[in-house]
Amino acid sequence: MSKAAGGAAIGLREVYARCRLDMQGRVAVVTGGARGIGRATATLLAAFGARVAVWDLVEDVAARASAMAAEAAGLVSGEAEADTTGGGADARPMREPLRLGAADSTVGGAEARATEVIGMRLDVTDEEAVGAAAEAVATRLGPVDVCVHAAAVGSGHYGFPFWNVPPSAWRRVLDVDVLGAVNVATVLAPAMAERRRGALVFVGSVAGLIGSQTDPPYSAAKAAIRNFAHCMAKDLAPLGVRVNVVCPGMVRTDLNRSVWEAWARRQPEGSAVDYDTWAEQKIRTVVPQGRWQSAADVAAAIAFLCSDAAASITGQTLNVDGGYVMT
Ligand SMILES: NC(=O)c1ccc[n+]([C@@H]2O[C@H](COP(=O)([O-])OP(=O)(O)OC[C@H]3O[C@@H](n4cnc5c(N)ncnc54)[C@H](O)[C@@H]3O)[C@@H](O)[C@H]2O)c1
């Protein structure tokens, strides 16, 4: 696909340099933060100065968190790798090193600041584990100001029509994508309300806006999470806490690839096109900008909504989808 189509996706270096949001002194939890969009978001928040806890199922979440802290430090100092995309695809590599602006403190002419990301292994469907993790974060990092809920799964089945997805396959999707969000919000929001300060961002999907036939349980779960976000936004607005939703379109991640895998399994032997071809056909058909979004594109929108720059924005949905769904 031509990168000229609809401009170019951006990488974390560009987002960091252009946005420069102030998240100093904030404590953030990012669920599903070990990979993909959550990873990019956690790294960016850490670079902007937040102390970040990543909650994820993966075994090596602690090691991944250390790598993210190092990547965030690289963004701050301007020494990040040139192809830093934050885990997404098709981000435009920077052609030359970025020169950053005013520095907090300087080392060798570049900004230097401690970055902190800790990893905690948990399943967001486990209410007790989520409660224990919240206590541990408060003890280790301080009271939580920001929550980004990115953890999600698909059913692993391909719809078209919906009865290709056995009802039993809905359960895990609804557990993770809906009840996981409920667990996380129920544990973290009350303390934010008590402190009259906080922001929650739930990662939805364009699928939840349009009734996507691709993976109906996923689509329904993403619609539910958006509705729940509206409920929370109304409850929490008078208490100084904001709740918003970001809907990505097409970001090259493991989750996105799993949709192609489910499709490919349904094709006659030897007839399925590869992931890139499948995705590019889809993007060409439904995305006006005609290209992928990067994880960094999505992380930029999430970080903005988490920051004080979005102080009057609550109960909203921001689509980062190249114009796929226009509202
Ligand atoms: N990639 C896309 O094209 C796309 C499009 C629309 C929406 N989204 C949404 O973006 C968010 C991030 O997805 P991604 O594409 O980065 O996927 P991803 O698979 O790369 O990352 C998801 C992360 O969530 C974690 N996770 C899954 N189940 C969990 C559980 N029960 N408890 C804790 N952690 C769990 C995984 O281990 C993984 O690290 C999801 O909410 C997804 O629905 C993605």
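**Strands, core and ligand shell: a Q&A**

User: Buried or exposed: which word fits the residues of E7?
Analyst: This is a predicted model, and in it E7 is mostly covered. Both faces of the strand are lined by covered residues: Gly198, Leu200 and Phe202 sit on one side, with Ala199, Val201 and Val203 on the other. The tally is six of six, and the word is buried.

User: What is the strand order of the open sheet of seven strands?
Analyst: Start at the edges: E5 (116–121) and E9 (317–320) each pair on one side only. From one strand to the next the twist averages 20°. The pairing is parallel, and the order reads E5-E2-E1-E6-E7-E8-E9.

User: How many bridges pair E7 with E8?
Analyst: E7 covers residues 198–203 and E8 covers residues 241–248. One link between them is Val203, whose bridge partner in E8 is Val246. The two strands pair in the parallel sense, and the count of bridges is six.

User: And E6, which residue of E7 is the bridge partner of its Cys147?
Analyst: E6 and E7 also pair in the parallel sense, here over four bridges. Leu200 is one of the buried residues of E7. The bridge partner of Cys147 is that residue, Leu200.

User: At about what angle does H2 run to E1?
Analyst: H2 takes in residues 36–47, and E1 is 27–31. The helix lies across E1, E2, E5, E6, E7 and E8. Its angle to E1 is about 170°.

User: Which strand does H10 run at about 170° to?
Analyst: H10 is the helix of residues 295–306. It lies across E1, E6, E7, E8 and E9. The strand in that angle is E8.

User: Which helix gives the largest share of the largest nonpolar core?
Analyst: In soluble globular proteins, nonpolar side chains tend to be buried together. Here the largest such core has 95 residues, and Leu45, Val54 and Ala299 have the most contacts inside it. The largest share is ten residues, and the helix supplying them is H10.

User: Why does Leu236 count as buried?
Analyst: Leu236 is found in H7, residues 216–236. Leaving aside neighbours within four places in sequence, Leu236 is in contact with Ala189, Ala193, Val241 and Val243. The cut-off for buried is 20 or more other C-beta atoms within 10 Å. Leu236 counts as buried because its number of other C-beta atoms within that distance is 22.

User: How far apart are the C-alpha atoms of Leu236 and Gly315?
Analyst: Along the chain these two are 79 residues apart. In space, their C-alpha atoms are separated by 9.9 Å.

User: Why is Arg26 called buried?
Analyst: Arg26 is found in the loop between H1 (12–19) and E1. Not counting residues up to four places away in sequence, Arg26 touches Ala50, Asp145 and Val146. The C-alpha atom of Val144, 118 residues away along the chain, is separated from that of Arg26 by 7.4 Å. Arg26 is buried because the number of other C-beta atoms within 10 Å is 25.

User: Which peptide bond is cis, with omega near 5°?
Analyst: Look in the loop between E6 and H5, the place of Pro161. Phe160 is in that loop too. The cis bond runs from Phe160 to Pro161.

User: What is phi of Phe160?
Analyst: Phe160 counts as partly exposed, with 13 C-beta neighbours inside 10 Å. Its phi is positive, in a residue other than glycine. The value is near 50°.

User: Exposed or buried: how does Arg196 count?
Analyst: Arg196 lies in the loop between H5 and E7. Its phi is near 55°, a positive value in a residue other than glycine. With 10 C-beta neighbours inside 10 Å, Arg196 counts as exposed.

User: How many residues surround the ligand?
Analyst: The closest are Gly32, Gly36, Ala152, Thr253 and Leu255. H2, H5 (170–195) and H8 (254–265) each supply at least two residues of the shell. The residues that surround the ligand number 28.

User: How many residues in that shell around the ligand are charged?
Analyst: Split the shell by class: there are 15 nonpolar and nine polar residues. The charged ones number four.

Methods:
Residues are numbered from 1 along each chain as its sequence is written. This is a predicted model: local features need pLDDT of at least 70, side-chain atom pairs count only at pLDDT 80 or more; totals for chains, interfaces and linings use all residues. Two strands pair if DSSP finds at least two bridges between them. Axes are lines fitted to C-alpha atoms, for helices over the stretch in contact, and angles run from 0 to 180 degrees between N-to-C directions. Two residues are in contact if their C-beta atoms, placed from the backbone, lie within 7 Å. A residue is buried if 20 or more other C-beta atoms lie within 10 Å of its own, exposed if 12 or fewer, and partly exposed in between; C-beta atoms are placed from the backbone. A residue is near a molecule or strand if its C-beta atom, placed from the backbone, lies within 6 Å of it. Ala, Val, Leu, Ile, Met, Phe, Trp, Tyr, Cys and Pro count as nonpolar, Asp, Glu, Lys and Arg as charged, and the others, Gly among them, as polar. A nonpolar core is a set of buried Ala, Val, Leu, Ile, Met, Phe, Trp, Tyr and Cys residues joined through C-beta atoms within 7 Å.
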